[in-house]
Amino acid sequence: MARLTIYKDNDADSTVVSNLFIDEYMKDANDAQLKIYLYLLRMMNAHLATSVSDIADKFNHTEKDVIRALKYWEKNHLLDLDYDEDKNLIGIHIRDLNADNNAKERHSSATVSSFVPMPALPTRTTVFKSEPDNSGEGVSPFAKPVYSADQLREFKERQDTAQLLFIAESYIGKPLTPSEMKSILYFTDVLHFSDDLIDYLLQYCVDKGKKDFKYIEKVAVNWAEEGITTPKQAQEKAFLYDKNIYSIMRELGKNNTPTPKEAEYINRWIKEFGFENDIIFEACERTVMATDKNRFEYADRILSSWHEQHVQHKSDISKIDEMYKQRRKNTTSAASKQYNNRFNQFAQNTYDFDALEKELLSN
């Protein structure tokens, strides 16, 4: 098909949006944040005044939604919010993105493209009334900076960065984009994650089928907020939030959070033995039917035995059960013949090893 030429009737009444905004900022913003920022540009270019309540009414948002969106753009250094002594929002500075592409320099620069709101008439005064923010969304110590191309280039030239990026690309299965590389820089620069922790972070997310760096960043921030600094801590935290763990606990008649020893058992059944839930649940059901005490030890004996016999599917358990019944039958038959042998001078004892095992575990 032929290329399409896009044109308009005239250049009047238009709003210019920076390409840098489209390339770097638009992809990470949500619907409300985008609408509000574009609307601010439109009002600025038209020299029109507005207010938080006006914006909220126009886009069917709450005033708190508008305030949160404004703070989001302020955090990303696209605008500055001006307050009076009573903490009323009285103005917004829209930053010129193309004036300086270095985020830190932009943050400290006084360069501004305009002032919003700008009253259309001298008699009109527009005040942004700032509501108390009860959302808990203050300036986070883990806020992601807007990294410049120079900062990314400097990061890539570090001696230890090449290995880290190679690991990330191996997990993601493709070369990293500049935006994804900035995420890796963010993990080291702001979150202070070690290479081992970043390695585990990527492995953890990919194992859950998540390769989107937005998701990976959310997990990373959550770990940082929890004070996680090592892969072992991250593994323990992730383990406690695993729904499978609590399903197994319930199957064993437990409603508590697993103790370290109980977690060690479950982790071995899942990670080392590689058993699916149906196999583990079968062992749990047999355990509950057999004993009220030492259930984890009893279930571990069952699952260890199945692991040694290379159980991979629940159908394999039926075969083992059948072989066990046949062996018991043969053992009982042989014992009966030996007992009835008239040339045998001593009475032979027969033992129920299953009963002995249950008795041992119940002590």
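The following dialogue examines how several descriptions of this predicted model are justified.

Trainee: What makes up the secondary structure of the protein?

Mentor: The protein comes to 17 helices and three strands. Of its 363 residues, 35% count as buried. The protein exposes about 23,200 Å², and carbon and sulfur atoms supply 49% of that area.

Trainee: Which share of the contacts with a separation of 6 or more joins residues 24 or more positions apart?

Mentor: Such residues account for 61% of those contacts.

Trainee: Why is H12 called roughly perpendicular to H13?

Mentor: The axes of helix H12 (residues 243-251) and helix H13 (residues 260-272) cross at roughly 110 degrees and come within 11 Å. Angles of 65 to 115 degrees count as roughly perpendicular, and H12 is therefore roughly perpendicular to H13.

Trainee: Which residues meet where H12 packs on H13?

Mentor: From H12 come Ile245, Ile248 and Met249, and from H13 come Glu262, Ile266, Trp269 and Ile270. By class, this contact of H12 with H13 has six nonpolar residues, no polar residues and one charged residue. Glu counts as charged, and Glu262 belongs to the H13 side of the contact. Ile245, Ile248 and Met249 are also buried, as is Ser247 in H12.

Trainee: What is the sign of phi at Gly253, just after H12?

Mentor: Gly253 takes a positive phi, of about 80 degrees.

Trainee: Why are H7 and H8 called oblique to each other?

Mentor: Helix H7 (residues 161-172) and helix H8 (residues 178-189) have axes that cross at roughly 120 degrees and come within 11 Å. The roughly perpendicular range is 65 to 115 degrees, and roughly antiparallel requires over 145. An angle of roughly 120 degrees fits neither range, and H7 and H8 are therefore oblique. Their crossing is right-handed.

Trainee: Which residues make the contact between H7 and H8?

Mentor: H7 contributes Leu164, Leu165 and Ala168, while H8 contributes Met181, Ile184 and Thr188. By class, five are nonpolar, one is polar and none is charged.

Trainee: How do you know that H9 and H10 are oblique to each other?

Mentor: Helix H9 (residues 195-207) and helix H10 (residues 213-225) pack at an angle of about 125 degrees, and their axes are 10 Å apart. That angle lies above the 65 to 115 range for roughly perpendicular and does not reach over 145, the range for roughly antiparallel. H9 and H10 are therefore oblique to each other. H9 passes H10 in a right-handed crossing.

Trainee: What classes of residue form the contact of H9 with H10?

Mentor: The residues of this contact divide into 12 nonpolar, no polar and no charged. Among them are Tyr200 and Leu201 of H9 and Phe213 and Trp223 of H10.

Trainee: Why does Glu282 count as buried?

Mentor: Buried means under 20% relative accessible area. Glu282 has 15% relative accessibility and therefore counts as buried. Glu282 lies in helix H14 (residues 277-290). Not counting residues up to four places away in sequence, Glu282 touches Trp306, Lys314 and Ile317.

Trainee: What makes His77 buried?

Mentor: The relative accessible area of His77 is 15%, which falls under the 20% limit; His77 is therefore buried. His77 is placed in the loop between helix H4 (63-75) and strand S1 (79-83). The C-alpha atoms of His77 and Leu97 are separated by 9.1 Å, although these residues are 20 residues apart along the chain.

Key
Residues numbered from 1 in each chain as written. Predicted model: local features only at pLDDT ≥ 70, side-chain atom pairs only at ≥ 80, totals over all residues. Heavy atoms only, no water. Axes fitted to C-alpha atoms, helices over the stretch in contact; angles between N-to-C directions. Helix = DSSP H or I, 4+ residues; strand = E, 2+ residues; numbered from the N terminus. Parallel < 35°, antiparallel > 145°, perpendicular 65-115°, else oblique. Contact = heavy atoms within 4.5 Å. Buried < 20%, exposed > 50% of the residue type's maximum accessible area, 1.4 Å probe, protein only. Left-handed = near helix turned anticlockwise from the far one by under 90°. Areas by Shrake-Rupley, 256 points an atom, 1.4 Å probe, with all protein chains shown as cover.
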